[in-house]
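User: Hi! I'm new to reading protein models and would like to go through this one with you. Could we start with its pocket?

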Amino acid sequence: MSNQIDRRHFFRLAGLSAAGLGAATVLGNTPILAQDATAVPAPTADPTAIANAATEMDNLHAEGVQAFLDYIGKDPLFWNRRLEPVMDGDVKVFDIECKEVEWETTAGMVYTAMSYNGIVPGPEIRVTEGDKVRFNFTNHLNESTAIHFHGLRVPNAVDGVPFVTQPVIKVGDTATFEFTVRNSGSHMYHSHHNAAEQVTKGLLGAFIVDPKDSSNEPVVAADYTMVLNDSALGFTINGKEFPNTQPILAKLGDKIRVRYMNEGLLIHPMHLHGIPQLVIAKDGFNLPAPYLCDTLTVSPGERY
């Protein structure tokens, strides 16, 4: 948790000096080893200072958990950020603006983020297999960008690889992408230009495609999407850091669906305390043999 005291602060509170933490010091690049261990006084700690530091850590944890609980239901966008399309005949049209915003991940932590339509992650796109869609991306950033529909089978010309399949979207320009959605599943959309910076700063979003034939879909009480990210904006779930994340609320006996999408640069093990997870799909493909697990390892780019 970001509000834990750090190790250096703990030792300072405990009354330990840097010189007393070992039997060797370094002068320039040359280590000077103590020849006689008995000549080095053993470090002494102030029991009261140690107890106070432990109490401070406990209080910080308690404050964070209470803030998490107090925040339940306070962010209407956390679980529901779907972008409704405008119909042009039988085509679903989505207008998306790429722009910088000041984004608060948790109280007092504000970053200059890159966003789709002013939010991080960008709005959720949800359509049905076989739908015709059109996307108008307008670039209000201070640099070029590009869009990749991650996991979707799209025409090569709109696959989102700059200078290979299509040009970048220059500053101030609008680019239009139109295709028929061919495959269902949990997918993503994100920048594919300067991606290590643009995606971790917020140019990412969920793209969920419901199957045309839903007869094999599980019947659930609720459907939650967790977009995982790291690096530029810290460790976030749906653009927020603890304690400004939101809990999943469910009644005993409810069956819920959780979609994990890793848009970060790191591996994220996902664990729901005390609740086994039945893994039914990976990267948009239903598994022929679903399996139970306690902790699910989600690598960059993966969806479960």
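User: Which strand gives the most to the lining of the largest pocket?

Analyst: Keep in mind that this is a predicted model. The elements that give two or more residues to this lining are strand 10 (185-191), strand 11 (204-210), strand 14, strand 15 (268-271) and strand 16 (277-282). With 6 residues, the one that gives the most is strand 16.

User: Thanks! What is the volume of that pocket?

Analyst: Let's look at its walls before the number. The lining has 43 residues, and the closest to the pocket's centre are I256, R257, V258, L272 and Q277. By class, 23 are nonpolar, 9 polar and 11 charged. The space itself comes to about 1,200 Å³.

User: Which strands are at the edges of the open sheet with the order 13-12-14?

Analyst: Happy to trace that one. This sheet has 3 strands, and its pairing is mixed. Strand 12 (residues 222-229) pairs with strand 14 in the parallel sense over 7 bridges, and T225 stands opposite R259 in strand 14. An edge strand here pairs on one side only, and that fits strand 13 (236-237) and strand 14 (256-262).

User: And what is the volume of the largest cavity?

Analyst: T225 turns up again here, since the residues lining the largest cavity include T225, V227, W79 and N238. By class, this lining has 6 nonpolar, 4 polar and 2 charged residues. Counting cavities of 30 Å³ or more gives 1. The volume of the largest cavity is about 100 Å³.

Technical notes
Residues numbered from 1 in each chain as written. Predicted model: local features only at pLDDT ≥ 70, side-chain atom pairs only at ≥ 80, totals over all residues. Heavy atoms only, no water. Pairing = 2+ DSSP bridges. Helix = DSSP H or I, 4+ residues; strand = E, 2+ residues; numbered from the N terminus. 1 Å grid on protein atoms, 1.4 Å probe; cavity = no way out; pocket = protein on both sides within 12 Å on 5 of 7 lines; lining within 4 Å. Points joined across faces, edges and corners; volume = space filled by probe spheres on them. Nonpolar A, V, L, I, M, F, W, Y, C, P; charged D, E, K, R; others polar.
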